[in-house]
Structure formats: C-alpha cells, structure tokens
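Biologist: I'd like a close look at one part of this model. Could you walk me through it once it's up on the screen?

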Amino acid sequence: MRNVRLASTTTFTVENPYTLEPVAEFTETSVSSVETTIARVKKAQRHWATSTTLAQRQAIATKWIDVLNANIDTIAKDITLQMGKPLGQAIGEVRGTIQRAKVMIELADKALAPTTFPGDDPSKLFRLITKEPVGVVFVIAPWNYPMMTVVNSVLPAILAGNGVVLKHSPQTPLCGTHFQSTFEAAGFPVDLLSAVQMAHTTAAGVIAHPDVQFVSFTGSVRGGRQVFQTIATRDRFLGSTLELGGKDALYIASDADVAVAAAGAVDGACYNAGQSCCAVERVYVHASLYDDFCARATEHFDAYKLGNPLDKSTTLGPMALKDSATQLLTRHVADAVQKGGRVLTKEPAPTEVRDAAGRGRFFPPTLVADCSHDMALMREESFGPVLGVMAVASDDDAVRLMNDSPFGLTGGIFTSSLDRARAIGSQLDVGTVYMNRCDAVDPYLPWTGVKDTGKGHSLSEHGFQAFTRLKSWNMKLE
C-alpha cells in the first residue's frame with residue numbers, strides 16, 4: 001500500500017473494490033496549504049502565459065504524450081486497483097487519453113487563433129481580438145474515467161495559457177498524482193498543474209478564492225448543484241462547466257439490424273460496469289423487433305464474466321463505490337419487477353454478489369423487459385450494468401419517451417436510414433445523436449448536454465472557449 005502524505009488533518013484510505021483491501025493512503029491537504037498551492041499555481045501560470053508561445057506549449061504537450069505512452073501499464077494498473085475497471089479497459093482509457101490529447105493539440109491552432117480584420121488600413125487602424133487565458137482553473141475530477149475525463153479540461157486549459165489546481169476523486173487519487181508527475185516529467189513548469197487532495201469544505205474555499213477564475217466539474221447532478229450553489233453564494237462572477245449525469249436512451253427502429261443493435265446496446269450498458277454518464281440505461285424497441293431484441297440481448301448479458309479485473313478473461317469488473325451503487329441498482333430492479341417488469345437474465349432477483357472466488361462487490365448484468373416510465377429504472381440514473389427495455393409502436397412514440405427525462409446527454413437510433421436517423425435526432429433533446437452506435441466520444445465533436453446533464457461543453461475546438469476570455473485591441477494609428 002502506498003502512502004502519500006501532505007500537510008493535512010485527515011487521512012483516508014483507497015480501497016480496492018475487488019480485494020476490499022487498501023491500495024493507498026492519502027492525507028487531505030490543510031486549508032493553509034491549499035492557499036499556498038493556489039499562489040504557486042498563479043505564479044507559474046503568469047510566467048507560462050507571458051513567456052511561451054502556443055507552439056512551445058504544444059511541443060511540451062506532445063512530449064507529455066510520450067511520457068504517457070511510456071507509463072501506460074503503470075497508470076492502467078492503478079486505475080484498475082482503485083476503481084475496478086478490467087485492465088484491458090483501463091489500458092484503453094489511457095490510450096484514449098492520449099488520442100484526445102493529440103486532437104486537442106491539433107485543434108489548438110484554430111481554437112486559439114486571434115481574429116484579424118484584413119480590410120483595415122494598417123497605417124491608420126489596428127484591430128484585433130485575442131483569446132486570453134482566464135488564469136487559475138480549478139478542475140474537480142470523477143473516478144469513473146479518471147484519466148480521460150481530466151484531459152478534456154486540463155489540456156485545453158494549459159494550452160490556452162492557464163494553470164490548474166486538480167482535485168481528483170478520493171476513489172482515484174493516484175490518477176491525480178499521475179497527472180502531476182507526468183506533466184513535470186514532460187517539461188511543464190513545476191506548479192503549473194498541482195494535484196491536491198482536499199475535503200469538500202476546503203474545495204468550497206478554493207471556489208471562493210479570488211485567484212481562482214474558473215471551475216470545471218465532472219460528476220453527479222447533486223455535486224454539480226453544490227458547486228453551482230457555492231459559486232452563487234460566494235459573490236463572484238465565476239465561470240464554470242458542469243458535466244453531470246445521464247439517462248441515455250436508444251431507439252431500435254423497425255428497419256434496424258437487430259443483431260447489431262442488441263450487441264451495441266448491451267455493450268453500451270455494461271462497459272465499465274455501466275459506470276459512465278453516457279452508458280445506455282434505457283432502450284425503446286419497435287414492437288416488430290421486440291421479442292428478437294430481448295432474446296439476443298439476454299444472451300449478451302449472460303455471457304459476461306465477473307472476476308478479478310486484473311485477469312484478462314474478466315469482462316465485467318466490480319462496482320467502484322461501497323454500498324450505495326449496488327443498493328441503488330437493487331432498488332431499481334425490485335421496483336421495476338413490482339410494477340410489471342420481467343428480469344430476463346440469469347439472476348431473477350439481482351443484488352450485490354461476489355465472484356466465483358468469493359471476492360469483490362459486483363452487480364450482475366441485468367436486463368429488465370416490459371418496462372414503463374412509472375419505474376425508477378427508466379427515470380433515475382442507475383450507473384450500473386442494468387438495462388430497461390420497452391416496446392413502442394412508432395418513431396413518434398420513441399421520440400416522446402426518449403425526451404421524457406430530466407437528462408439530455410446522448411440519444412441513439414439503430415436504423416438502416418440516415419434520413420430517418422437525422423429526422424428523429426433533430427427532435428431529441430440531447431447533446432449528441434448517435435446512429436448505429438452508442439457510448440462513444442469523438443474528441444473532434446463537442447461533448448455537451450441539456451437539462452440536468454449540466455452546462456457548457458468540452459472537447460473539439462469549442463472546448464477551449466471555457467478557458468479563455470476575449471480581449472479587443474482597438475488602436476488608432478494616425
């Protein structure tokens with residue numbers, strides 16, 4: 001077990017969700033130490049913003065990719081030990097982090113380019129719009145994708161000339177440590193990114209700190225509301241992005257390839273044990289395909305192997321969080337059954353289980369048919385390997401039900417017609433529309449949502465906007 005000690009008052013232990021044994025022990029940094037950290041980040045940021053060009057920042061960021069590549073196995077293993085993701089998926093996450101970083105470096109030239117006015121007479125008037133860094137950015141990161149979600153905000157912020165204070169989830173603090181150590185190994189200035197473990201009350205103080213100019217939060221709706229309320233009560237006009245929850249839906253249209261749709265829907269529901277904001281949590285199937293879809297999906301669900309996430313044969317890892325995750329899933333399934341739903345998978349009354357070796361805290365992958373919108377399973381975020389299915393009579397019915405949600409992250413349509421997918425997608429209240437796929441993030445496209453899914457966006461060229469402010473240059477030369 002690793003021990004990471006800082007100036008602190010409280011110590012906490014990271015528990016392996018498979019062995020239920022300690023992985024690392026951390027101490028939460030004191031308020032005074034965090035204030036010192038902010039001052040150091042601010043000093044490093046000012047020098048970074050004024051003494052480096054974008055090309056120089058991109059060059060160091062490219063070296064950072066090399067450092068990540070050299071440390072994939074170590075970082076991936078730490079992800080698995082902390083939150084239970086199967087090792088192959090953890091390796092995929094680090095590789096995905098690298099891919100997103102490459103795209104952000106590529107897009108920075110366009111995203112951060114100044115606006116010029118070619119028609120101006122340069123002897124009489126100089127006009128320019130530049131994109132200036134906001135300053136110190138406070139990034140609050142989640143545990144479910146502890147590397148990929150962080151790069152979405154950290155790298156654009158750094159490329160734009162900002163500094164970062166990174167508060168990682170207490171479930172995955174080693175990933176915060178990896179971000180800081182790999183940044184420094186790549187040649188970024190010391191203190192430009194500082195990973196700090198802190199209590200929620202200390203984090204509220206960081207939000208109120210006058211030298212912190214922006215908050216990027218990824219996590220639960222409840223956590224996002226707390227962050228937004230903290231900003232509102234601190235008498236500050238502080239910018240923020242909030243990437244929150246989802247209850248993502250699929251529609252299997254009458255012309256869909258049902259075999260492809262069933263495989264895609266189940267993978268979208270169970271990848272990372274369903275612990276993703278864009279995991280598929282509800283499916284609406286045209287009545288003509290309903291029985292076939294349910295039969296095929298059940299086979300895919302029952303094929304998952306629960307086990308040690310470090311074992312290559314394991315395809316479903318344990319739930320990362322203690323108690324709350326499996327208790328919620330148990331309640332959702334029981335409520336659905338009580339209201340007429342049918343569990344089609346092999347555990348008729350699923351609840352927390354252990355694997356064949358008697359270890360871990362797993363929830364068995366579960367498919368519930370004959371669902372309705374009076375069930376919590378179809379309304380509340382589940383965040384686990386559980387999927388509710390409902391038959392619909394038409395495209396219009398599917399659209400109505402897909403929009404009947406407090407969330408709006410993604411929505412997908414399985415169909416053989418692009419025109420049909422676009423017609424349906426234009427009516428969906430979501431940030432991303434999929435056709436014949438799901439649970440996929442393209443870094444060239446903005447990641448955003450509506451309703452309780454949050455505010456703002458990350459990735460793409462538009463993901464830089466949050467970390468810059470416009471400055472106008474209006475100069476009469478005569």
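How many salt bridges are there between domain 1 and domain 2? And please take me through the rest of that interface while you're at it.

Modeller: Sure, and bear in mind that this is a predicted model. The count between the two domains is 3 salt bridges. One you can click on joins the side chains of Arg361 and Glu15, with 2.7 Å from N to O. Beyond salt bridges, 8 residue pairs are in polar contact across the interface of domain 1 and domain 2, with both residues at pLDDT 80 or more. On the side of domain 1 that touches domain 2, helix H3 (72–83) and helix H4 (87–111) each supply at least two residues. H3 is the top contributor to that side, giving 4 residues. Sort the residues on this side of domain 1 by type and you get 11 nonpolar, 6 polar and 5 charged.

Now let's zoom out. Domain 1 is made of two stretches, 11–244 and 454–476, while domain 2 runs over 248–435. Their C-alpha centres sit 31 Å apart. Where they touch, 22 residues of domain 1 are in contact with 26 residues of domain 2. Together the two domains bury about 2,100 Å², and 59% of that is on carbon and sulfur atoms. If you want residues to highlight in domain 1, go for Tyr18, Gln89 and Trp143: these lose the most area to domain 2, and together they make up 34% of what the domain 1 side buries.

Terms used. Residues numbered from 1 in each chain as written. Predicted model: local features only at pLDDT ≥ 70, side-chain atom pairs only at ≥ 80, totals over all residues. Heavy atoms only, no water. Domains from an automatic or database assignment. Contact = heavy atoms within 4.5 Å. Buried area = accessible area lost by both parts, 1.4 Å probe. Salt bridge = Lys/Arg side-chain N within 4 Å of Asp/Glu carboxyl O. Polar contact = N/O pair within 3.5 Å; in protein donor to acceptor, adjacent residues only side chain to side chain. Nonpolar A, V, L, I, M, F, W, Y, C, P; charged D, E, K, R; others polar.
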